Amino acid sequence: DPHEDIQKTGTAVLGIWNERVNLARDNYNPVRTVILVRSEDLSTFCIFEEDNYRYSTNEFIWEENRNGNLVGMRGERTYFTWQPHGSQFTIHSEIPADAIKFRVRKPDAIPQEKILSAVGFNDDWVHIL
């Protein structure tokens, strides 16, 4: 049960992350992650890279949030979230000032007839049974 000893579980989660960073560095250097942040309407984005670091497991206090996820804290700042039900590990990164920010214009809708014509659709593709 990951909730039985939250601190022990959080330490184990960071240990797994650290070992994966070690394995990646055995084959590649540097090891970096590209982070894409998007707005809810999918029109505005921000992208940046950061190094993948090993984290000292004893620097973080682990707590359970209202969703049943474990969060790794240092002071008032949340550094990690681990979702035990999905085994998803999130590192909360601060967006750097030099991150690339861009907007994408939503394209106009293409009429259905134009799409069907472009793919060569024919009524004999579908047979009602």
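**A salt-bridge network and its sheet**

Arg32, Glu49 and Asp51 are linked in a network of salt bridges.

Reader: What kind of model is this?

Author: The model is a predicted one.

Reader: How far apart are the closest N and O atoms of Glu49 and Arg32?

Author: They are 2.8 Å apart, and the two residues form a salt bridge. Glu49 belongs to strand S2 and Arg32 to strand S1, so this pair ties together parts that lie 17 residues apart in sequence.

Reader: And which residue besides Glu49 does Arg32 bridge to?

Author: Arg32 also forms a salt bridge with Asp51, with the closest N and O atoms 2.6 Å apart. Here distant parts of the chain are linked: Arg32 is in strand S1 and Asp51 in strand S2, 19 residues apart.

Reader: Is the network buried or exposed? Take Arg32, to begin with.

Author: Arg32 has a relative accessibility of 38%, so Arg32 counts as partly exposed. Glu49 is partly exposed at 45%, and Asp51 is partly exposed at 27%. The cut-off for buried is under 20% and for exposed over 50%.

Reader: Turning to the backbone, how do S1 and S2 pair?

Author: S1 and S2, the latter covering residues 44-51, pair in the antiparallel sense over 7 bridges. Thr33 stands opposite Glu50 in S2.

Reader: What connects the two strands?

Author: S1 and S2 form a hairpin, with 5 residues between them. In the turn, Leu42 has a positive phi of about 60 degrees.

Reader: Which strands make up the sheet, and in what order?

Author: The sheet is open and has 3 strands, in the order S1-S2-S7, with antiparallel pairing. S1 (32-38) and S7 (100-103) are the edge strands, each pairing on one side only. From one strand to the next, the twist averages 20 degrees.

Reader: Back to charges. How many salt bridges does the structure hold?

Author: There are 4 salt bridges in the structure. One of them joins the side chains of Glu59 and Arg74, at 2.4 Å from N to O. This pair links distant parts of the chain, 15 residues apart: Glu59 is in the loop between S2 and strand S3 (61-64), and Arg74 is in strand S4 (residues 70-74).

Reader: Where do Glu59 and Arg74 fall on the accessibility scale?

Author: Glu59 is partly exposed, with a relative accessible area of 40%. Arg74 likewise counts as partly exposed, at 34% relative accessibility.

Notes: Residues numbered from 1 in each chain as written. Predicted model: local features only at pLDDT ≥ 70, side-chain atom pairs only at ≥ 80, totals over all residues. Heavy atoms only, no water. Pairing = 2+ DSSP bridges. Helix = DSSP H or I, 4+ residues; strand = E, 2+ residues; numbered from the N terminus. Axes fitted to C-alpha atoms, helices over the stretch in contact; angles between N-to-C directions. Buried < 20%, exposed > 50% of the residue type's maximum accessible area, 1.4 Å probe, protein only.
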